[in-house]
Amino acid sequence: MTGKKLSANFYQRADVVQISKDLLGKVLCTNFKGQPLASGIITETEAYCGRSDKACHANNGLRTKRTEVMYQAGGAAYVYLCYGIHHLFNVVTNVKDKADAILIRSIKPLDGADTILSRRQTDNLSPKVTAGPGRLTKALDITTNHTGIDLTADTIWIEDRKIGYRAEQIASSPRIGVDYAGEDAKRPWRFYVKESEWVST
DNA sequence: CATTTGATGTTCT
DNA sequence: GAACATCAAATGC
């Protein structure tokens, strides 16, 4: 039940692609004040690199109010509102002033499944509940209010419960929904668990 | 089944 | 004013 919380030096490594793969099989937990703990196994991620990736909001050193948090040292949360409706949860990685981030696209519910179901207004536990970046944030009640918070603190964090996947269970593909990024859209920086149904389509 | 479309709000031009 | 790291419901086979 208890896992080992990932520490800042996990997030502050330089290779965002490697960290994306390492996150598969880790457990994303939320413990908001007055609410039951909810968690899920990470089954799908995407890497974004701020220095040479047009798909990243902080591409080419672009520094705005929205992307500022990505320039923090690794271990912070970056929550972005997409299409006016969906909150997308990202993990900031690398050291200060290197704007890398990892989008968490999908999880498999672990603790607090009933809480997750009530937030999603359904009683049918299927991949539709938490598979997809906009869905998992709703399931865990993550909003843009949480952007910039410390993932080594006790509100939102990621822990290692030794679930880890083997290399041959992990597949990669181009990222989803970033066709506007030209050549960079083809980078195989989406990683997911092959055998799992808990991934977005 | 597959494909289309409307909802919705923040950011940047 | 356009674009956008999406989802779910509605339509057309």
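**Entry 1, DNA strand C: phosphate contacts.** I started with Arg135, where an N or O atom of the side chain sits 2.8 Å from a phosphate oxygen of DNA strand C. I note that this is a predicted model. I then listed which elements give two or more residues to the surface near DNA strand C, and these are β4 (77–82), β5 (86–93) and α4 (133–140). For Arg120, I found an N or O atom of the side chain 2.9 Å from a phosphate oxygen of the strand. At Gly134 the partner is a polar backbone atom, and the distance to a phosphate oxygen of DNA strand C is 3.2 Å.

**Entry 2, DNA strand C: surroundings.** I looked up how many residues surround DNA strand C and got 19. The closest are His57, His86, Asn90, Arg135 and Tyr180. Of the DNA strand C atoms that come within 4 Å of the protein, 57% belong to sugar and phosphate. I sorted the residues of this surface by type and obtained 11 nonpolar, six polar and two charged.

**Entry 3, Gly3.** I turned to Gly3, which lies in the segment before β1 (4–5). Is Gly3 buried, exposed or partly exposed? Gly3 has a relative accessible area of 30%, so I entered this residue as partly exposed, the class between under 20% and over 50%. Leaving out residues up to four places away in sequence, I found Gly3 touching Glu159, Asp160 and Arg161. I also checked Gly3 against Val193: they are 190 residues apart in sequence, and their C-alpha atoms are 21 Å apart in space.

Note on methods:
Residues numbered from 1 in each chain as written. Chains lettered and ligands numbered in written order. Predicted model: local features only at pLDDT ≥ 70, side-chain atom pairs only at ≥ 80, totals over all residues. Heavy atoms only, no water. Helix = DSSP H or I, 4+ residues; strand = E, 2+ residues; numbered from the N terminus. Buried < 20%, exposed > 50% of the residue type's maximum accessible area, 1.4 Å probe, protein only. Contact = heavy atoms within 4.5 Å. Near = heavy atom within 4 Å. Polar contact = N/O pair within 3.5 Å; in protein donor to acceptor, adjacent residues only side chain to side chain. Nonpolar A, V, L, I, M, F, W, Y, C, P; charged D, E, K, R; others polar.
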